[in-house]
Amino acid sequence: MAALIEIVKDIKTGSMALVAIASSAAVLGTALAFQYIGGLYPCVLCMYQRWAYVVATSFALLAWILRKHPTFARLTLGASSLSFLAGAGIAGFHVGVEKQWWEGTSECQGDALDLSASIEDLTSQLMDQPIVRCDVVPWELFGISMAGYNIIISLSLAFFCLWTIKTSK
């Protein structure tokens, strides 16, 4: 176990970058499975959380590519951790909306309709898309919604990225 920790915390191996990439891919894959297999369509805040993972993955990929240049690898892994922290912030806001602690954004009511369209076009717009509200919890486990789990995962990944930066040689 100690040897594994040493490998992960050595910035030159790029191991933490690979952990961040694989974890982000797993989270995004799970979200897509819930959407396309489980039929749980994302609200706008869910989509913002996904984008935070995409940005974090991009920076982690750069950190892995630059692993032989420790200064640049630390900077890009730090940017990845900031993206994870931003995702945790969005997820925290989403949990607050779900718990009715505050209102969501104006986008949280579903997509806007083009009111200048004909009745047929409006009907088509309504029938072609699911209306997903941010304040409705479509799935939870042990009383924690997907946004709640996202806070835990994002904060953990941010912590481990920062830990690697701090402890790397």
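**Exercise 1. The order of elements**

Task: State which pattern of helices and strands the protein chain follows along the sequence.

Solution. Read along the sequence, this predicted model gives the pattern α-α-α-α-α-β-β-α. Counting the symbols by type, the chain has six helices and two strands. Strand 1 covers 140-141 and strand 2 covers 144-145. The chain has 169 residues, and buried residues make up 35% of them. Of the contacts between residues at least 6 apart in sequence, 72% join residues at least 24 apart. The exposed area of the chain is about 9,800 Å², and carbon and sulfur atoms supply 70% of it.

**Exercise 2. Helix lengths**

Task: For helix 2, helix 3 and helix 4, find what span should be expected at 1.5 Å a residue, and compare it with the distance between the end C-alpha atoms.

Solution. The expected span is 1.5 Å times one less than the number of residues.

- Step 1. Helix 2 has 22 residues, so it should span 32 Å; its end C-alpha atoms are 31 Å apart, which agrees.
- Step 2. Helix 3 also has 22 residues and should span 32 Å; its end C-alpha atoms are 32 Å apart, which agrees.
- Step 3. Helix 4 has 29 residues and should span 42 Å; its end C-alpha atoms are 41 Å apart, which agrees.

**Exercise 3. The largest nonpolar core**

Task: Find which residues of the largest nonpolar core touch the most other members, and which elements give two or more residues to this core.

Solution.

- Step 1. The core holds 14 residues, and those touching the most other members are Ala-20, Tyr-53, Leu-77, Phe-84 and Cys-161.
- Step 2. Two or more residues come from each of helix 2 (15-36), helix 3 (44-65), helix 4 (70-98) and helix 6 (146-167).
- Step 3. Helix 2 gives the most to this core, namely five residues.
- Step 4. Take Phe-84 and leave aside its neighbours within four places in sequence: Phe-84 is then in contact with Ala-20, Ser-24, Tyr-53, Ala-56, Ser-154, Leu-157, Ala-158 and Cys-161.
- Step 5. Another core lies apart from this one; it has seven residues, including Cys-43, Leu-45, Val-97 and Cys-108.

**Exercise 4. Buried residues of two helices**

Task: List which residues are buried in helix 2 and in helix 3, and say what the buried residues of helix 3 pack against.

Solution.

- Step 1. The buried residues in helix 2 are Ser-15, Met-16, Ala-17, Ala-20, Ser-24, Val-27, Leu-28, Ala-31 and Gln-35.
- Step 2. An α-helix has 3.6 residues a turn, so residues three or four places apart point the same way. Ala-20, Ser-24, Val-27, Leu-28 and Ala-31 are among the buried residues to check for this spacing.
- Step 3. In helix 3, Val-44, Leu-45, Gln-49, Arg-50, Ala-52, Tyr-53, Ala-56, Thr-57, Ala-60 and Ala-63 are buried.
- Step 4. These buried residues of helix 3 pack against helix 2, helix 4 and helix 6.

**Exercise 5. Ile-153 and its partners**

Task: Decide whether Ile-153 counts as buried, partly exposed or exposed, and say which residues Ile-153 touches.

Solution.

- Step 1. Ile-153 is in helix 6.
- Step 2. Buried means under 20% relative accessible area and exposed means over 50%. At 34%, Ile-153 therefore counts as partly exposed.
- Step 3. Not counting residues up to four places away in sequence, Ile-153 touches Val-27 and Tyr-53.
- Step 4. Ile-153 and Val-27 are 126 residues apart in sequence, and their C-alpha atoms are 8.6 Å apart.

**Exercise 6. A nonpolar patch on the surface**

Task: Name which residues make the nonpolar surface patch and which elements give two or more residues to it.

Solution.

- Step 1. The patch is made by Leu-82, Leu-85, Leu-155 and Leu-162, and its area is about 350 Å².
- Step 2. Helix 4 and helix 6 are the elements that give two or more residues to the patch.
- Step 3. Leu-85 lies in helix 4. Its relative accessible area is 36%, so Leu-85 is partly exposed.

**Exercise 7. Positive phi in the loops**

Task: For Gln-100 and Phe-142, state where each residue lies and what its phi is near.

Solution.

- Step 1. Gln-100 follows helix 4 and lies in the loop between helix 4 and helix 5. Its phi is near 65 degrees, a positive value in a residue other than glycine.
- Step 2. Gln-100 has a relative accessible area of 54%, so it is exposed.
- Step 3. Phe-142 is in the loop between strand 1 and strand 2. Its phi, near 60 degrees, is positive in a residue other than glycine.
- Step 4. With a relative accessible area of 73%, Phe-142 is exposed.

Key: Residues are numbered from 1 along each chain as its sequence is written. This is a predicted model: local features need pLDDT of at least 70, side-chain atom pairs count only at pLDDT 80 or more; totals for chains, interfaces and linings use all residues. Side-chain values use heavy atoms; hydrogens and water are left out. A nonpolar core is a set of buried Ala, Val, Leu, Ile, Met, Phe, Trp, Tyr and Cys residues joined through side-chain atoms within 4.5 Å. Buried means under 20% relative accessible area, exposed over 50%, partly exposed in between (1.4 Å probe, protein chains only). Helices (H or I, at least four residues) and strands (E, at least two) are DSSP runs, numbered from the N terminus. Contact means heavy atoms within 4.5 Å. Patches are made of residues with over 30% relative accessible area and no salt bridge: like charges are joined within 9 Å, nonpolar side chains (Val, Leu, Ile, Met, Phe, Trp, Tyr) within 5 Å. Accessible areas come from the Shrake-Rupley method with a 1.4 Å probe; for residues, only the protein chains shown count as cover. A salt bridge is a side-chain nitrogen of Lys or Arg within 4 Å of a carboxyl oxygen of Asp or Glu.
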